Amino acid sequence: MKAAPLLSVENLTVRFPGATNWYGRVTSQVHAVNNVDLCVLPGESLGIVGESGCGKSTLVQAVIGLVGLTSGRVLVDGHDFAGANGTLKRDLRQKMQIVFQDPQSSLDPRLPVWRLITEPLHIRGGMPTAALRARAEELAISVGLRSDQLDRLPHEFSGGQRQRIAIARALSTDPELLILDEPTSALDVSVQAQIINLLLKLQRELGLSYLFISHDVSLVRHFCDRVAVMYLGQIVETGTAEAVFDDPAHPYTRTLLASVPSLKNSLLDVDASLTGELPNNRRLPAGCYYRERCGSAVPGCELPQALLTVRKAGAEKASPHQARCHLHIPA
Amino acid sequence: MTAHSVQRPHALSIENLSLEFPTYAGAIKALDGVTIKVGNAEIVGLVGESGCGKSVSTMAATRLLPEGRYKITQGSIRLFGRDPMAMDEEELQQVRGKLVSTIFQEPMNALNPTIRIGQQLVSVIRRHEALGRKAAEAVAVNILADMLIPEPARIMQAYPFELSGGMRQRVLIAMAFSCNPGLIIADEPTTALDVTVQAAILRLIQGRARRTGTSVVFISHNIAVVSQICDRLYIMYAGRIVESGPTRAVLDRPQHPYTRALLRCLPERVRPKEPLESIPGTVPNLLDPPPGCFYRPRCPEADTRCMEKPHETALPGGQAVSCWQRAGHPSLPSSEVPS
């Protein structure tokens, strides 16, 4: 039995004009997101991991409509989001909310907390001030703020508390999907733990779905049911968190996991040649995008790679473990 | 006296240092009796949350704090046996870069955006070494190649904005090592970088330091990163050192409740979806810190003794902890952190 996906992204591509010539015509393009397919089921958490510049943030901004799509579709509850109009668009929009990385810059410094939290409801309109304030109080308490803090301004709060305000604001429209764009990377570890616990608690209580972006692999493994690994705007591996992290099939995923500093093993065992950087995304490489950095590249890698199901006994049918590598070399 | 001249002085020795920043609201007690020793060719980690005084202690040692805006209330600092507080500006310029150099967190802010990489490197080298332009350029190209920078000759001609973050950080590390300093202070050098690049940078710093016998102070809020390359660790909380010792000992047998809480916060040690341990409450206000142990308001083990400031207890194996709960028990209890 498989529930209908809450969010499904089909063949999404985002390009930005990179350079223009003397006439203002675009001469080169930045290929930020390349043919991404993904879906989020109700109540589940999908993590997206990858290096900076791999297109994680552009992908979610395209999903929520902050960045225009070049091609592809975003379906929310089965309705096309980009093509929707009027009340349908408004309703779809309220099903998705986003929490940004830096609460310092994502909260208006001049608004008191209760106004910040209810800003989305204020924009939607139709609620009297007293009702907004009551709702703000309810939301503030649910994210662990005190009701006597409602009239304070954002600068009076610590980073962790500001992130709580941002989460309360995202929850104000009763969304079904929260997009979390590196919500804890600006915070200390002890505060990060508080925010992660809060998000897990909210998920249990409200049945939220999360689309969680992070470069912190151990956090994604802890937090998410499924993960997608991105490289150069493309999903190179996807599957359940255990499958991808415990038995990675793509060479890039293996390098990424080996580079994560851990208390148990030493970093210095990782092969130096593999720890390179992303290639330029102005001109996409032919064939496998990872070929130049890959330690196990062979003839055949110069052909375009498709996401193939990793043949493995006991793989779940609902979320197959797929990798964009024709080798599937076991680790 | 003779014993002193035989034994080489510590690369960095901070002894019982207290430092405050006077403000209109009162004095912010940024450091309170901090003792940090960095031996020759030793890599030492300084770990703590933001605002705990990690950067202040090393910036005080290199006199990079704004002059006249801070007050040292007690203690002393020695850099290779010399007192930086007694140096004049000319001496400081000789010391910085040649004896001690610093790698900062944000490489874009540490490089001049209007000057080519090569010129910035050469001017650092020529300030401290008696080399001609050509010879200094050769040194610069060599050290860039040593940092695994592809095409170092081309990078010499590039401006900082043309390079990626990881590349810029490598240039800064090259610059820090360029005059063969005795001590390098790495202040969160990998925080702004990706894990794959971070792995490469950590390896570079460690490899070069081990080859040249350079001492390193590695500052980070990430205990996992520090554990990768450091011989010894200092854990700081609210301007005090709460625990110190060899890296493996501190990680395997953390003694201070704060160190243990810090390790339990990491998702690595918990099963997926289980709540992570978090530390209740917040860091104390350093304008008006609580009496006794600063960690007391958040500590699950606190009792009446903790109303007094704990003194440092040395434990077997080189570990030291400032906690009353450990003061009476010199024997090491086994690890309480699930592995």
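By the rule used here, a salt bridge is a side-chain nitrogen of Lys or Arg within 4 Å of a carboxyl oxygen of Asp or Glu, and the count comes to 33 salt bridges over all chains. In chain A, the side chains of Glu10(A) and Arg73(A) meet in one, at 3.4 Å from N to O. Glu10(A) belongs to strand β1 of chain A and Arg73(A) to strand β4 of chain A, so named because helices (H or I, at least four residues) and strands (E, at least two) are DSSP runs, numbered from the N terminus. The two residues are 63 residues apart and link distant parts of the chain.

This is a predicted model, in which local features need pLDDT of at least 70 and side-chain atom pairs count only at pLDDT 80 or more, while totals for chains, interfaces and linings use all residues. Residues are numbered from 1 along each chain as its sequence is written, chains are lettered from A and ligands numbered from 1 in the order in which they are written, and side-chain values use heavy atoms, with hydrogens and water left out.

**Sheets of chain A**

Two strands pair if DSSP finds at least two bridges between them. Two open sheets of chain A are set out below.

| Sheet order (chain A) | Pairing | Edge strands |
|---|---|---|
| β2-β1-β4-β5, four strands | antiparallel | β2 (26–40) and β5 (79–80) |
| β6-β7-β8-β3-β9-β10-β12-β11, eight strands | mixed | β6 (96–99) and β11 (308–309) |

In the four-stranded sheet, β4 (residues 71–76) of chain A and β5(A) pair in the antiparallel sense over two bridges. Val76(A) stands opposite His79(A) in β5(A). Helix α1 (residues 56–64) of chain A lies across β1 (7–20), β2 and β4 of chain A and runs at about 115° to β1(A). Axes are lines fitted to C-alpha atoms, for helices over the stretch in contact, and angles run from 0 to 180 degrees between N-to-C directions; contact means heavy atoms within 4.5 Å.

In the eight-stranded sheet, β10 (residues 234–240) and β12 (residues 322–323) of chain A are an antiparallel pair with two bridges. There Thr238(A) stands opposite Gln322(A) in β12(A). Helix α8 (residues 189–206) of chain A lies across β3 (45–49), β7 (177–181) and β8 (209–214) of chain A, at about 155° to β8(A).

**Interface of chains A and B**

The contact takes 39 residues from chain A and 43 residues from chain B. The buried area, which is the accessible area (1.4 Å probe) that two parts lose on being put together, summed over both, is about 3,400 Å², and carbon and sulfur atoms give 55% of this. One salt bridge is found across the interface: Lys273(B) with Asp225(A), whose closest N and O atoms are 3.4 Å apart. Among the helices of chain B that each supply at least two residues to the side touching chain A are α8 (165–177) and α9 (195–212). The most comes from α9(B), with nine residues.
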